[in-house]
Amino acid sequence: GKTTAKEFVLTSPTSIIGKSEGAAVGLKGWFAPKVAGIIMKQGESYFLSTTMKKTTVNGQPVTGRQQLKEGDLLAVGKTQMQFSLVPW
């Protein structure tokens, strides 16, 4: 799928994935949703929350909220991403 960049650095405790103007992970394209999901940091853990049926983590559909781990493969429709933790 199409995104606004090849790599995204998430620095906020809450990051939107979608086509909306304030999205941290920008999606492009005619059918891209304004908000496809939200990545939230809670303590040292990260979670993906979505209501979209075509969102998966490691090929498994996400329903509601799912914890993300290093190397997880996220897909929103045809857009695929890999979640990585980079120490600052």
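Author: A contact here means heavy atoms within 4.5 Å. The model under discussion is predicted.

Reader: With that cut-off in hand, which residues does isoleucine 17 touch, not counting residues up to four places away in sequence?

Author: Isoleucine 17 touches Val25, Leu27, Lys34, Val35, Ala36, Gly37, Ile39, Leu48, Val76 and Met81, with residues up to four places away in sequence not counted. Isoleucine 17 also belongs to the largest nonpolar core, which has 15 residues. Ile17, Leu48, Leu68 and Leu74 are the residues with the most contacts inside that core.

Reader: Which strands each supply at least two residues of this core?

Author: Strand 3 (25–28), strand 5 (45–50) and strand 9 (73–76) each do so.

Reader: How many helices and strands does the protein chain have, and in what order do the elements run?

Author: The secondary structure comes to 0 helices and 10 strands. Read from the N terminus on, the order is therefore β-β-β-β-β-β-β-β-β-β, given that strands are DSSP runs numbered from that end.

Reader: How should the overall dimensions be read, and what is the radius of gyration of the protein chain?

Author: One compares the value with that of a compact globule: for 88 residues this would be near 12 Å, and the protein chain has 12 Å, which agrees. Along the principal axes, the C-alpha atoms fill a box of roughly 35 × 25 × 20 Å. Of the 88 residues, 31% are buried. The accessible surface comes to about 6,200 Å², and carbon and sulfur atoms hold 54% of that surface.

Reader: Is threonine 79 buried or exposed?

Author: Buried means under 20% relative accessible area; threonine 79 has 8% relative accessibility and therefore counts as buried. Threonine 79 lies in strand 10 (residues 79–82). Leaving aside residues up to four places away in sequence, threonine 79 touches Gly1, Lys2, Thr3, Leu27 and Leu74.

Reader: What is the phi of asparagine 58, and where is that residue placed?

Author: Most residues other than glycine have a negative phi. Asparagine 58, by contrast, has a positive phi, near 55 degrees. Asparagine 58 is in the loop between strand 6 (55–57) and strand 7 (60–61). The relative accessible area of asparagine 58 is 44%, so this residue is partly exposed.

Reader: How far apart are the mean positions of the positive and negative charges?

Author: The mean positions of the 11 positive and 5 negative charges are 14 Å apart.

Terms used. Residues are numbered from 1 along each chain as its sequence is written. This is a predicted model: local features need pLDDT of at least 70, side-chain atom pairs count only at pLDDT 80 or more; totals for chains, interfaces and linings use all residues. Side-chain values use heavy atoms; hydrogens and water are left out. Helices (H or I, at least four residues) and strands (E, at least two) are DSSP runs, numbered from the N terminus. Buried means under 20% relative accessible area, exposed over 50%, partly exposed in between (1.4 Å probe, protein chains only). The radius of gyration is taken over C-alpha atoms; the globule rule is 2.2 Å times the number of residues to the power 0.38. Accessible areas come from the Shrake-Rupley method with a 1.4 Å probe; for residues, only the protein chains shown count as cover. Lys and Arg count as positive and Asp and Glu as negative; His and the chain ends are not counted. The place of a charge is taken as NZ of Lys, CZ of Arg, CG of Asp or CD of Glu. A nonpolar core is a set of buried Ala, Val, Leu, Ile, Met, Phe, Trp, Tyr and Cys residues joined through side-chain atoms within 4.5 Å.
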